Amino acid sequence: MVPLKNDRLIRALLRKPVDRTPIWIMRQAGRYLPEYRATRKRAGDFMTLCKSPEMACEVTLQPLERFALDAAILFSDILTIPDAMGLGLTINEGEGPRFAHPVRRRVEIEALPLPDPEIELRYVMDAVRLIRRELDGRVPLIGFSGSPWTLASYMVEGRGSRDFAITKTLLYDDPQALRQLLATVTRSVTDYLNAQISAGVQAVMIFDTWGGLLTARAYEHFSLAYMQQIVDGLVREIDGNRIPVVLFTKGGGQWLERIADTGCDAIGLDWTVDIGDARHRVGDRAALQGNMDPSVLHAAPERIREEAGAILDRFGHGTGHVFNLGHGVTPTIDPDHVGSLIDAVHELSIPYHQ
Ligand code: 1CP
């Protein structure tokens, strides 16, 4: 494989010195880009887009053609695992994801198959191999999965939700059944991420989007414990290259020390925490990724630049910071504003690394 021409992301995630702060954007390939909407239209529906390695590769590379990003993220979705388990996923415009067969009863949980990532999820691995070839070492490719808790929430509910009430009822009424579901999903996520690593992703991120809905005690037992098993089960080095692991719990700002204890390489931060305080709390145990409020991107480019400068300043001098938003870029954002942010971070961060 060709060596990386730009390895700032990997270096910052491993807290090695860099010349400037690397940046990528959650949901950087997505609906705010007209070229994404055009490919999505050509595909017909979202899962067809995900299941075509050529089109998934095309949309992965689209933001890199426009912006000086320091990473590519595989274009796919966290819900590919439950889809491969046979839950019947559809993602319709404006409606969000829906499962035809949610999993709520013990018999349904016990009957769940463990997908083989190179068979049922082969389209994802083929996309990874194709993207690596097309990237030709320009920037690293990030692979990802949902956390077991976040995936289980969609599997039980059968759709997105504000409060995941059915899943929480299961948690309190039949925790054993939920644990069994989480154990199956954990095995599947571990296999899936290890297959992505074998196929060529150079860092992995686990999205625990709904961990912040839990109590501190439930977070520990129903989300973090399973992410810990994944961190322990991942292949962390390949051909002498360390594969950094990033854990992101949205709403998890109170639990950063516990997240760092898992031995992950980096922690994703939403915008509700002060990144300077987070650095102080986590110390040299993990790098930090984040954490600008995505809404800042609605503001004028000068304001975006000021906010980016404030985050860089709060993090302070030295490595261990990957700039990102605190959650995904929303469809209504002007792509030029994303460009302003990326340029601002690259320019303003240089003094912090001298
Ligand atoms: O209409 C469309 O084109 C579908 C919109 C869309 C897109 C662009 C969905 C459906 N998924 C994606 C891509 C996607 N999803 C990526 C691609 C890579 C990139 O970042 O550029 C990634 C990493 C995800 C991850 C994902 N999917 C998460 C975790 C991260 C997060 O944003 O919290 C979650 C929760 C999902 C579920 C999902 N898939 C799609 C939607 C609209 C949702 C959210 C549903 C909900 O709010 O409950």
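In which helix does A43 lie? Before I answer, let me say that what we have on the screen is a predicted model. A43 lies in helix α2, the element that covers residues 34–43.

Staying with that residue for a moment, A43 has a relative accessibility of 11%, and because the cut-off for a buried residue is under 20%, A43 counts as buried. If we leave aside residues up to four places away in sequence, A43 touches T48, L49 and M55. For a sense of distance, A43 and E95 are separated by 52 residues in sequence, while their C-alpha atoms are 18 Å apart in space.

Let me now turn to the ligand. Around the ligand there are 22 residues, and of these Y36, R40, D77, Y154 and H327 come nearest. Two of those names return when we look at polar atoms, so to speak, on the side-chain level: a polar side-chain atom of Y36 lies 2.5 Å from an oxygen atom of the ligand, and a polar side-chain atom of D77 lies 2.7 Å from a nitrogen atom of the ligand. The backbone takes part as well, in that a polar backbone atom of A29 is 3.0 Å from an oxygen atom of the ligand. As for how much of the ligand is covered, the ligand taken alone exposes 890 Å², of which the protein buries 89%.

Where, finally, is the ligand with respect to the pockets of the model? The space that the ligand takes is the largest pocket.

Methods
Residues numbered from 1 in each chain as written. Predicted model: local features only at pLDDT ≥ 70, side-chain atom pairs only at ≥ 80, totals over all residues. Heavy atoms only, no water. Helix = DSSP H or I, 4+ residues; strand = E, 2+ residues; numbered from the N terminus. Buried < 20%, exposed > 50% of the residue type's maximum accessible area, 1.4 Å probe, protein only. Contact = heavy atoms within 4.5 Å. Near = heavy atom within 4 Å. Polar contact = N/O pair within 3.5 Å; in protein donor to acceptor, adjacent residues only side chain to side chain. Areas by Shrake-Rupley, 256 points an atom, 1.4 Å probe, with all protein chains shown as cover. 1 Å grid on protein atoms, 1.4 Å probe; cavity = no way out; pocket = protein on both sides within 12 Å on 5 of 7 lines; lining within 4 Å. Sits in = over half its atoms within 2 Å of the grid points.
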